[in-house]
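Colleague: I am new to this structure and would like to go through it slowly, one topic at a time. Could you show it to me before we begin?

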Amino acid sequence: LATIKRAQLAMQLVALRDIEPEEEIFLDYGDEWEAAWQKHVREWKPVEGADTYVSAFEMNQPFDQVFRTESEQQELPYPSNLMIKFHHY
């Protein structure tokens, strides 16, 4: 695990029959999953503060960005959904 540099996801699918070249494969999560998803879509509301959400990926652009000092953050704070931490070894 120490050599893994990024998140990974693996999943195995087992075919119940031979799959022809260029044949499409569909996954069916079932009626219960579909009903739960449709309920989520109907009832979902953004959480408070979602309009100011900034992803960590966005904050990492551009890569040459300099970290703000505490006094700079008084006038231009980092987004409230992110935590900036420094570790000194």
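Modeller: Here it is, and we can start from one side chain: Trp-33 is partly exposed, with a relative accessible area of 40%. Please keep in mind throughout that this is a predicted model.

Colleague: Which residue forms a stacked aromatic pair with Trp-33?

Modeller: The structure holds 2 aromatic pairs. In one of them the ring centres are 6.0 Å apart with 5° between the planes, and because planes under 30 degrees apart count as stacked, this pair is a stacked one. Both partners lie in helix 1, 4 residues apart, which is about one turn of the helix. The partner of Trp-33 in this stacked pair is Trp-37.

Colleague: Is Trp-37 buried, partly exposed or exposed?

Modeller: The relative accessibility of Trp-37 is 42%. Because buried means under 20% and exposed means over 50%, a value of 42% places Trp-37 in the class between them, and the residue counts as partly exposed.

Colleague: Which residue is linked with Trp-33 and Trp-37 into a cluster by ring pairs?

Modeller: The residue in question is found in the segment before helix 1, a helix that covers 31-43. It is exposed, with a relative accessible area of 57%. The ring pairs link Trp-33 and Trp-37 into a cluster with Tyr-29.

Colleague: What is the area of the nonpolar surface patch that includes Tyr-29, Trp-33 and Trp-37?

Modeller: Besides these aromatic residues, the patch is made by Met-11, Leu-13, Leu-27 and Val-41. For the chain as a whole, the exposed surface is about 9,700 Å², and carbon and sulfur atoms supply 56% of it. The nonpolar patch itself has an area of about 810 Å².

Colleague: What pattern does the chain follow when it is read along the sequence?

Modeller: The chain has 3 helices and 0 strands. Of its 89 residues, 4% count as buried. Read along the sequence, the helices give the pattern α-α-α.

Colleague: With which residue does Lys-39 form a salt bridge?

Modeller: The structure holds 2 salt bridges, and in this one the closest N and O atoms are 2.9 Å apart. Both residues lie in helix 1, 4 residues apart, about one turn of the helix. Lys-39 counts as partly exposed at 43% relative accessibility, and its partner likewise counts as partly exposed, at 45%. That partner is Glu-43.

Colleague: What is the N to O distance in the salt bridge between Arg-17 and Glu-23?

Modeller: Here Arg-17 is exposed, with a relative accessible area of 54%, whereas Glu-23 is partly exposed, with a relative accessible area of 28%. Because a salt bridge needs a side-chain nitrogen of Lys or Arg within 4 Å of a carboxyl oxygen of Asp or Glu, the distance is what decides the matter. For Arg-17 and Glu-23 the N to O distance is 2.6 Å.

Colleague: Over the face of which residue does Arg-68 lie?

Modeller: This arrangement places a charged side chain over an aromatic ring, because CZ of Arg has to be within 6 Å of the ring centre and within 35 degrees of the ring normal. Arg-68 lies at 4.3 Å from the ring centre, and the ring belongs to Tyr-78.

Colleague: Is Ser-55 buried or exposed?

Modeller: Ser-55 lies in the loop between helix 1 and helix 2, the latter covering 56-59. A polar atom of the Ser-55 side chain lies 3.0 Å from the backbone nitrogen of Glu-58. Because the limit for a buried residue is under 20%, the relative accessibility of 17% means that Ser-55 counts as buried.

Colleague: How far apart are the C-alpha atoms of Ala-56 and Asn-81?

Modeller: Ala-56 has its place in helix 2 and is partly exposed, with a relative accessible area of 43%. Along the chain, Ala-56 and Asn-81 are 25 residues apart, while their C-alpha atoms are separated by 9.1 Å.

Colleague: Which residue has a positive phi although it is not a glycine?

Modeller: Most residues other than glycine have a negative phi. The residue you ask about has a phi of about 65°, its place is in the segment before helix 1, and at 83% relative accessibility it counts as exposed. The residue with this positive phi is Glu-22.

Terms used. Residues numbered from 1 in each chain as written. Predicted model: local features only at pLDDT ≥ 70, side-chain atom pairs only at ≥ 80, totals over all residues. Heavy atoms only, no water. Helix = DSSP H or I, 4+ residues; strand = E, 2+ residues; numbered from the N terminus. Buried < 20%, exposed > 50% of the residue type's maximum accessible area, 1.4 Å probe, protein only. Areas by Shrake-Rupley, 256 points an atom, 1.4 Å probe, with all protein chains shown as cover. Patch = residues over 30% accessible without salt bridge, like charges linked within 9 Å, V, L, I, M, F, W, Y side chains within 5 Å. Phe/Tyr/Trp six-rings, centres within 6.5 Å; stacked < 30°, edge-to-face > 60°. Polar contact = N/O pair within 3.5 Å; in protein donor to acceptor, adjacent residues only side chain to side chain.
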